[in-house]
Amino acid sequence: MQLLVNIDHIATLRNARGEGYPKPVEAATVCERAGASGIVFHLRGDRRHIRDEDVYALKKSVTGTLDFEMAATDEMLKISLDVDPHLVTLVPESREELTTEGGLKMSTVFDDFQERVFPQYRKTDIEISLFIDPNKEDIELANELGSDAIELHTGTYANAETPKEQEHELERLKEAAQLAHTLGMKVNAGHGLNLDNLKPFVDTVPHLHDVSIGHALVSTAIFKGLDQTVRDFLAIMNHAELKENS
Ligand SMILES: CC(=O)[C@@H](O)[C@H](O)COP(=O)(O)O
Ligand SMILES: NCC(=O)COP(=O)(O)O
């Protein structure tokens, strides 16, 4: 299981004053030195946080996995093909949302992805991951498309208000991970994970490959420092992995 740190909100802070700091690329270096296996960024159509120049700077400096999250627009396809990250994670996106609000509706995007999107990446080594909700139909359609990976949207779990709801969401995520793994896809996950909800998640959900964490990690880092915070998230993930392998 790998921790990929999403550094979008380092850019949010940088953009708040336009002084050029903190630099996402410097944050990425600290995260990798602290043990993160890679970096995620979401280049939004409205460029509200990460900007094109950040993407190219990250491509130069990140040594581990570089995960380019994006909506599957022609503009983003072109940039991602030029940048050549290890992984693209396709997500739904709307300008009005504060953050990604749900997974891709695979039945809606299937034909377009099959005809326009997948063929362009299939000429490259870039792996494709689809950000989807933990349900059978979306996972099966992701597999039918030939996706390398899915990223399970953990937001509903993260926002669960009662232990019962949380348990229900964990069960859905567990079944979804098992199905995707059985079908031969990598299982990634992320959205809304924090130091409180990460442990039950990694203790319950099997076959996790990349777990991407951003907003809560960057927020915690304000108090604890980025290096220590990455180590604290990693400790939870490594402990779960040791338990699984023992
Ligand atoms: C796909 C996902 O769950 C998040 O990474 C989200 O895309 C982050 O975007 P924001 O940083 O704009 O919330
Ligand atoms: N893909 C999910 C991600 O990169 C991080 O999401 P969040 O922790 O910022 O909600």
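**Two ligands and a barrel, by questions**

Me: How many residues surround ligand 2, and which are the closest?

Reply: There are 13 residues around ligand 2, and the closest are Asn-6, Gly-190, Ser-212, Gly-214 and His-215. Strand 8 (208-213) and helix 10 (215-224) are the elements that give two or more residues to this shell. Keep in mind that you're looking at a predicted model.

Me: What makes up the shell around ligand 2, by class?

Reply: Seven of its residues are polar, four are nonpolar and two are charged. Gly counts as polar here, so Gly-190 and Gly-214, both among the closest residues, go into the polar group.

Me: Which residues are around ligand 1?

Reply: Here's the list: Asn-6, Asp-8, His-42, Arg-44, Glu-69, Val-91, Thr-99, Thr-100, Phe-131, Gly-190, His-191 and Gly-214. By class, that shell has seven polar, three charged and two nonpolar residues. Asp, Glu and Arg count as charged, so Asp-8, Arg-44 and Glu-69 make up the charged group.

Me: Val-91 is on that list. Where does Val-91 lie, and is it buried or exposed?

Reply: Val-91 lies in the loop between strand 4 (87-90) and helix 5. The cut-off for buried is 20 or more other C-beta atoms within 10 Å. Val-91 has 23, so it is buried. From Val-91 to Ala-16 is 25 Å, C-alpha to C-alpha, with their positions 75 residues apart in sequence.

Me: What about His-191, is it buried or exposed, and how do you know?

Reply: With 25 C-beta neighbours inside 10 Å, His-191 meets the cut-off of 20 or more, so it counts as buried. His-191 sits in the loop between strand 7 (186-190) and helix 9 (198-204). Its phi is near 120°, a positive value in a residue other than glycine.

Me: Which other residue has a positive phi although it is not a glycine?

Reply: Arg-47 does, with a phi of about 55°. Its place is in the loop between strand 2 (38-42) and helix 3 (52-61).

Me: Why is Arg-47 called exposed?

Reply: The label goes to residues with 12 or fewer other C-beta atoms within 10 Å. Arg-47 has 12, so it is exposed.

Me: And what makes Val-109 partly exposed?

Reply: Val-109 has 18 C-beta neighbours inside 10 Å. Buried needs 20 or more and exposed needs 12 or fewer, so 18 falls in between. Val-109 belongs to helix 5 (residues 106-122). Its C-alpha atom and that of Lys-224 are separated by 41 Å, with their positions 115 residues apart along the chain.

Me: On to the sheet. What do the strands close into, and in what order?

Reply: Eight strands close into a barrel, in the order 1-2-3-4-5-6-7-8, with parallel pairing. On average, neighbouring strands of this sheet are turned by 25° against each other, direction ignored.

Me: How do you know that strand 5 pairs with strand 6?

Reply: Two strands pair if there are at least two bridges between them. Strand 5 (residues 127-132) and strand 6 (residues 149-153) have four, so they pair, and they do it in the parallel sense. Ile-132 stands opposite Leu-152 in strand 6. Strand 4 also pairs with strand 5 over four bridges, again in the parallel sense, and there Leu-90 stands opposite Leu-130.

Me: Is strand 5 mostly covered or uncovered?

Reply: Mostly covered: five of its six residues are buried.

Me: Why are helix 6 and helix 8 called roughly parallel?

Reply: Helix 6 (residues 136-145) and helix 8 (residues 163-183) pack at an angle of about 20°, with their axes 10 Å apart. Angles under 35 degrees count as roughly parallel, so this pair gets the label. The two helices cross in a right-handed way.

Me: Then what makes helix 2 and helix 11 oblique?

Reply: Their angle is about 45°, and their axes are 8 Å apart, helix 11 being residues 226-245. An angle of that value isn't under 35 degrees, nor is it in the 65 to 115 range or over 145, so the pair is oblique. Helix 2 passes helix 11 in a right-handed crossing.

Me: What joins Tyr-21 and Pro-22?

Reply: A cis peptide bond, with omega about 0°. Pro-22 is in the loop between helix 1 (8-17) and helix 2 (24-33).

Notes: Residues are numbered from 1 along each chain as its sequence is written. Chains are lettered from A and ligands numbered from 1 in the order in which they are written. This is a predicted model: local features need pLDDT of at least 70, side-chain atom pairs count only at pLDDT 80 or more; totals for chains, interfaces and linings use all residues. A residue is near a molecule or strand if its C-beta atom, placed from the backbone, lies within 6 Å of it. Axes are lines fitted to C-alpha atoms, for helices over the stretch in contact, and angles run from 0 to 180 degrees between N-to-C directions. A crossing is left-handed if the near helix is turned anticlockwise from the far one by less than a right angle, and right-handed if clockwise.
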